[in-house]
Amino acid sequence: MSASASSCSSSLPKGWRRVEVPALTVCFGRPGGWGEKPASELQSSWGSPDGGYDLTVKRDRTYGSTARAASAGQLAWYRDTSESSMADVGVTTHKTRQNGRDALWLEIDYHWEKQSAPRKRLEVFVAGKAGYVYQLLVDTEATSQRPAEQSRLFAAARRTLLIDVSTG
């Protein structure tokens with residue numbers, strides 16, 4: 001089953017490709033040449049050819065049905081190093097709009113447990129239908145030019161994100 005063309009039609013940045021995930025009722029864009037990572041029933045993940053960036057879209061209701069509840073639950077999980085392998089998690093939260101709805105945009109600074117290299121994760125949480133919350137994130141090392149490119153990738157991915165798409 002694939003998402004209907006009308007549900008997933010939106011303009012994409014040059015060189016980007018449309019990803020349709022009917023099980024998650026979501027469509028989004030990702031740069032051409034990126035490879036799909038192992039998926040789950042909750043998420044679709046893609047990695048850049050150089051391994052420097054990850055783009056993930058999740059649809060979940062584990063932590064609640066609002067952007068605030070979902071982001072708080074996700075942050076609590078991130079801060080549990082034994083579960084997430086993330087350490088020294090710091091976050092800046094911004095109110096924003098996504099898909100015409102109130103949303104939360106998070107800037108997360110951290111490093112992997114037992115590694116010192118700083119990392120940055122940009123995430124947006126937006127509530128969808130049936131109690132689900134969508135989460136889009138772009139993750140990378142927080143070194144040299146990576147954060148600037150990460151911001152560009154995140155902004156483009158947000159512009160292409162379509163939630164609660166019908167399948168047919």
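**Exercise 1.** In this predicted model, determine which residues leucine 55 is in contact with, leaving aside its neighbours within four places in sequence, and then place leucine 55 in the nonpolar core.

*Solution.* Begin with the contacts: once the neighbours within four places in sequence are set aside, leucine 55 touches Phe28, Gly29, Arg30, Trp34, Ser44, Ser45, Trp46, Leu136, Leu137, Val138 and Ala157. Next, turn to the largest nonpolar core, which has 24 residues, and in which Leu55 is one of the residues touching the most other members, together with Val26, Phe28, Leu136 and Leu161. The elements that give two or more residues to this core are β1 (16-21), β2 (26-31), β5, β8, β9 and α4. Of these, α4 supplies the largest share, namely 4 residues. Finally, another core lies apart from this one and holds 13 residues, including Leu75, Tyr78, Leu106 and Ile108.

**Exercise 2.** Find the salt bridge between arginine 119 and aspartate 139, and decide whether the two residues are buried or exposed.

*Solution.* The closest N and O atoms of arginine 119 and aspartate 139 are 2.5 Å apart, which satisfies the salt-bridge cut-off of 4 Å. Arginine 119 belongs to strand β8 (residues 118-127) and aspartate 139 to strand β9 (residues 133-141), so the pair ties together parts that are 20 residues apart in sequence. As for accessibility, both arginine 119 and aspartate 139 are buried.

**Exercise 3.** For the salt bridge between arginine 101 and aspartate 164, work out which parts of the chain are tied together and how each residue is classed by accessibility.

*Solution.* The side chains of arginine 101 and aspartate 164 meet at an N to O distance of 3.1 Å. Since arginine 101 sits in strand β7 (residues 101-112) and aspartate 164 in the segment after β10 (162-163), the pair ties together parts that are 63 residues apart in sequence. Arginine 101, with a relative accessible area of 29%, is partly exposed, whereas aspartate 164, at 16% relative accessibility, counts as buried.

**Exercise 4.** State how many salt bridges the model holds, and describe where the partners arginine 146 and aspartate 50 lie.

*Solution.* The count comes to 9 salt bridges. In one of them, the side chains of arginine 146 and aspartate 50 meet at 3.7 Å, N to O. This pair links distant parts of the chain, with arginine 146 in helix α4 (residues 146-160) and aspartate 50 in the loop between β4 (43-47) and β5 (53-60), 96 residues apart. Because its relative accessibility is 54%, aspartate 50 counts as exposed. Elsewhere, salt bridges link Glu107, Asp109 and Lys120 in a network.

Key:
Residues are numbered from 1 along each chain as its sequence is written. This is a predicted model: local features need pLDDT of at least 70, side-chain atom pairs count only at pLDDT 80 or more; totals for chains, interfaces and linings use all residues. Side-chain values use heavy atoms; hydrogens and water are left out. Buried means under 20% relative accessible area, exposed over 50%, partly exposed in between (1.4 Å probe, protein chains only). A nonpolar core is a set of buried Ala, Val, Leu, Ile, Met, Phe, Trp, Tyr and Cys residues joined through side-chain atoms within 4.5 Å. Contact means heavy atoms within 4.5 Å.
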